[in-house]
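Me: I am new to reading protein models. Could you walk me through one, feature by feature?

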Amino acid sequence: MIIHERLNEAFHQLGLTQIPEILHNHSEAASKEDISYLEFLDKLLQDELAARDF
């Protein structure tokens, strides 16, 4: 569980508010769909950006 705590702290420090909410669902989907690490990261970041008001 320490990895989850470290990730959540990093998300907080970086101001990433959406990723903690969607990480589990995206990681489950990535496992089932066998997507690359870069695709996984891209999906997380795109959802984070979409949740922000620019």
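**Reading a small helical model**

Reply: Let us start with one residue. Ser 36 has a relative accessible area of 35%, so Ser 36 is partly exposed. Ser 36 is found in the loop between α2 and α3. Keep in mind that this is a predicted model.

Me: How far apart are the C-alpha atoms of Ser 36 and Met 1?

Reply: They are separated by 24 Å. Along the chain, the two residues are 35 residues apart.

Me: Let me step back. Which secondary structure elements does the protein have?

Reply: Begin any model with its elements. Here there are three helices and zero strands. From the N terminus on, the order is α-α-α. The C-alpha atoms fill a box of roughly 30 × 30 × 15 Å, taken along the principal axes.

Me: How much of the protein is buried?

Reply: Burial is read from relative accessible area, and buried means under 20%. Of the 54 residues in the protein, 20% are buried. The accessible surface comes to about 4600 Å². Carbon and sulfur atoms account for 55% of that surface.

Me: Which residues form the largest nonpolar core?

Reply: For a core, look for buried nonpolar residues joined through their side chains. The largest one here has nine residues. They are Phe 11, Leu 16, Ile 19, Ile 22, Leu 23, Ala 30, Ile 35, Phe 40 and Leu 44. Two elements give two or more residues to this core: α2 (19-33) and α3 (37-51). With four residues, α2 gives the most.

Me: Then let me look at α2. Which of its residues are buried?

Reply: The buried residues of α2 are Ile 19, Ile 22, Leu 23, His 26 and Ala 30. They pack against α1 (2-14) and α3. Take Ile 22 as a case. Leaving aside residues up to four places away in sequence, Ile 22 touches Leu 44 and Asp 47.

Me: Where does α2 bend?

Reply: To read a bend, compare the helix axis on either side of a residue. In α2, the bend is about 25° and sits at Asn 25.

Me: There is a proline in my list, Pro 20. Where does Pro 20 lie?

Reply: Pro 20 lies in helix α2. Its relative accessible area is 35%, so Pro 20 is partly exposed. Now check its contacts. Not counting residues up to four places away in sequence, Pro 20 touches Asn 8 and Phe 11. You can also compare C-alpha positions. Those of Pro 20 and Glu 9 are separated by 9.9 Å, with the two residues 11 apart along the chain.

Me: What follows α2?

Reply: Asp 34 follows α2. It is in the loop between α2 and α3.

Me: What is the sign of phi at Asp 34, positive or negative?

Reply: Start with the general rule. Most residues other than glycine have a negative phi. At Asp 34, phi is positive, near 55°. Asp 34 has a relative accessible area of 69%, so Asp 34 counts as exposed.

Me: How many salt bridges does the structure hold?

Reply: Look for a nitrogen of Lys or Arg beside a carboxyl oxygen of Asp or Glu, within 4 Å. The structure holds one salt bridge. Arg 52 forms it with Glu 48, and their closest N and O atoms are 3.1 Å apart.

Me: Is Glu 48 buried or exposed?

Reply: Glu 48 counts as buried because its relative accessibility is 2%. Its partner Arg 52 is partly exposed, with a relative accessible area of 33%.

Me: What does Glu 48 touch?

Reply: First, place the residue: Glu 48 is in helix α3. Next, set aside residues up to four places away in sequence. Glu 48 then touches Gly 15, Leu 16, Thr 17, Gln 18 and Ile 19.

Me: Last one. Which residues form a nonpolar patch on the surface?

Reply: Ile 2, Ile 3 and Leu 7 do. Together they have about 270 Å² of accessible area. Ile 3 is in helix α1. With a relative accessible area of 46%, Ile 3 is partly exposed.

Technical notes:
Residues numbered from 1 in each chain as written. Predicted model: local features only at pLDDT ≥ 70, side-chain atom pairs only at ≥ 80, totals over all residues. Heavy atoms only, no water. Core = buried A, V, L, I, M, F, W, Y, C linked by side-chain atoms within 4.5 Å. Buried < 20%, exposed > 50% of the residue type's maximum accessible area, 1.4 Å probe, protein only. Contact = heavy atoms within 4.5 Å. Bend = angle between axes of the 7 residues up to and from the residue. Patch = residues over 30% accessible without salt bridge, like charges linked within 9 Å, V, L, I, M, F, W, Y side chains within 5 Å. Areas by Shrake-Rupley, 256 points an atom, 1.4 Å probe, with all protein chains shown as cover. Salt bridge = Lys/Arg side-chain N within 4 Å of Asp/Glu carboxyl O.
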